[in-house]
Amino acid sequence: MKAALGRYYNVQSPVHALDPRVKIHLLIILIVGAFLAHSFMGLALLVIVALVAVRVSHVPVSFVLRAIAPFVIMFVIPLAFNMFFQSSGEVLFSWGALTLTSGGLYNATFATVRLVVLFLFATLFTLSTSPIEICDATDYLLAPFSRFGFPSHEVAMMMSIALRFIPTLQEEFGDIRKAQLSRGATFDEGGPIRRLKGVFPLIVPLFASSIRHAEGLAYAMESRCYARGEHRTHYHELRTRPADWIVLACVLVVDVAVCFI
Amino acid sequence: MRIAFEQVTHTYVAPSFTEVALKDLTFAVEQGEFFSIIGHTGSGKSTLIQHINGLLTPTSGRVLVDGEDITDKRVRARTRRRVGMVFQYPEKQLFAKTVAEDVAFAPRNAGLTGPELDAAVRLALIQVDLDYDEFADASPFELSGGQQRRVALAGVIASAPELLVLDEPTAGLDPISRDEVMDIVVRLHDEGKTIVMVSHSMDDVARFSDRVLALNAGEMLFLGTPGEVFSHATELRVVNLGVPHVTQLVNELNAHGFALPATLYDVEAFADAVADELERLGVPRRDTQAGA
């Protein structure tokens with residue numbers, strides 16, 4: 001099954017409607033908050049914020065869980081390490097070299113919950129923000145650096161073009177694969193050398209067609225007078241509305257609260 | 001080889017949607033036949049042809065290859081070797097450094113080596129009218145569009161398939177290249193290969209096919225000889241399908257008082273019928289040879 005991470009869940013909701021620039025700031029603030037938290041109460045507060053955000057976003061909980069599922073291993077391994085290799089407090093039980101202490105259990109759980117919270121916020125961000133919005137927001141947020149010669153607009157444009165072509169290339173990859181299968185190609189048989197060789201009939205045509213696409217796109221952009229520069233306007237102007245400021249303020253308050261409880 | 005579809009239904013299932021692409025199709029492509037499939041975009045043509053060599057399998061119903069079910073892994077593997085697939089814009093599949101190497105891909109996968117492999121490559125290039133000495137060592141990426149198409153075609157027929165599936169083989173080509181490609185296809189059919197062709201060119205379909213299958217929204221609309229299928233001009237128009245130019249002309253003449261058979265689609269027969277009809281209407285027949 002395809003991983004849901006990084007995918008956009010297209011519905012209308014207050015979370016989707018937030019200004020993507022504000023959402024990037026929210027994400028950063030909440031991540032900082034998760035690292036500043038030093039008590040379970042503080043973390044619980046962030047968990048509540050995350051749950052409320054998921055609820056308001058109209059993204060089904062099952063979808064969010066599916067997005068996080070591939071990373072369970074990243075939660076479990078640190079959990080195990082922290083549990084058994086930190087010792088403080090009283091011994092709960094011991095078995096051979098493994099000793100579980102109350103302090104270890106506390107720290108392990110704390111670290112894992114923190115990790116889950118981080119992933120929840122990051123996932124909700126990509127689920128509720130379309131790739132185009134992310135690019136536009138990046139464009140704005142990087143704009144100040146263009147003063148120092150950083151091609152912020154070009155980077156954003158490249159990002160959005162790359163995103164735009166992912167489905168196209170996926171489809172083409174499928175076509176090429178079918179064509180080569182029909183010519184008797186095998187991709188999942190034989191030793192590593194044979195498998196590696198089997199990749200060429202897929203990758204070379206894909207590269208060739210990417211170059212064709214790039215060329216075609218370059219002509220299309222040039223014939224529509226695309227020119228680089230900071231003075232380009234946007235078809236979809238990003239707007240920061242009062243609601244954005246209110247959410248931003250609330251999240252800042254949460255962060256401060258997390259630091260003190 | 002004979003490919004039989006028995007009540008084949010195919011449904012695409014994705015997380016966000018399901019779509020019935022083929023509905024209850026029953027028909028067979030006979031050994032040695034030139035079988036064409038017509039249908040508007042999205043009518044299920046591409047889905048259908050992928051069932052012929054088991055790239056897709058039916059959601060319900062069966063596809064039988066010489067009586068054996070293609071869902072069987074061994075039957076499928078054998079069928080892949082006996083069926084050649086020329087997808088839309090097949091030049092997209094070119095990958096090797098030289099034309100000869102690319103053409104050798106399929107026969108090598110089929111187990112040919114050494115002089116046998118070389119012979120297969122040479123034969124395939126002859127079959128697509130490309131001179132071996134001139135093209136064998138050329139890079140496929142530096143050829144013209146029409147030549148690339150022919151190299152890709154050679155890359156499929158090099159493994160000597162008995163049945164050749166062509167998905168719009170002339171799409172995007174200039175008129176001369178189109179004729180060249182159709183000539184090759186017709187010659188392959190004359191040499192005994194069974195042909196299944198998807199095409200938007202009703203003239204090509206009418207001219208070369210033994211039978212035509214018209215699809216609409218995954219369902220069989222008509223199946224029969226070109227004459228039979230194209231006699232339903234009105235119904236075909238409804239589903240955005242045209243008829244050959246000759247048939248179109250016949251229908252227009254009939255609207256103005258002629259009584260030509262609606263099954264006409266080829267130029268020679270049309271000319272004869274018009275001459276007879278003019279005679280019937282009392283127009284004196286002149287010697288066309290001398291007049292021209």
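**Close-up views of a two-chain model**

**View 1. Where chain A meets chain B.** In this predicted model, 16 residues of chain A are in contact with 19 residues of chain B. On the side of chain A that touches chain B, the elements giving two or more residues are helix 8 (152–182) and helix 9 (192–223) of chain A. Helix 8 of chain A supplies the largest share of this side, namely 7 residues. Sorted by class, the side of chain A that touches chain B consists of 9 nonpolar, 4 polar and 3 charged residues.

**View 2. The open sheet of chain B.** In chain B, 6 strands form an open sheet, and reading across it gives the order 6-7-8-3-9-10, with mixed pairing. The edge strands are strand 6 (83–86) and strand 10 (219–224) of chain B, each of which pairs on one side only. From one strand to the next, the twist averages 15 degrees.

**View 3. Strand 9 beside strand 10 in chain B.** Strand 9 of chain B, which covers residues 211–216, pairs with strand 10 of chain B in the antiparallel sense, and 5 bridges join the two. To follow the pairing at the level of residues, one can begin at B:Leu215, whose bridge partner in strand 10 of chain B is B:Met220.

**View 4. A helix on the sheet.** Helix 6 of chain B, made up of residues 145–157, packs on the sheet, where it touches strand 6 and strand 7 (163–167) of chain B. The direction of helix 6 of chain B makes about 160 degrees with that of strand 6 of chain B, the strand that was named above as one of the edge strands.

Key
Residues are numbered from 1 along each chain as its sequence is written. Chains are lettered from A and ligands numbered from 1 in the order in which they are written. This is a predicted model: local features need pLDDT of at least 70, side-chain atom pairs count only at pLDDT 80 or more; totals for chains, interfaces and linings use all residues. Two residues are in contact if their C-beta atoms, placed from the backbone, lie within 7 Å. Helices (H or I, at least four residues) and strands (E, at least two) are DSSP runs, numbered from the N terminus. Ala, Val, Leu, Ile, Met, Phe, Trp, Tyr, Cys and Pro count as nonpolar, Asp, Glu, Lys and Arg as charged, and the others, Gly among them, as polar. Two strands pair if DSSP finds at least two bridges between them. Axes are lines fitted to C-alpha atoms, for helices over the stretch in contact, and angles run from 0 to 180 degrees between N-to-C directions.
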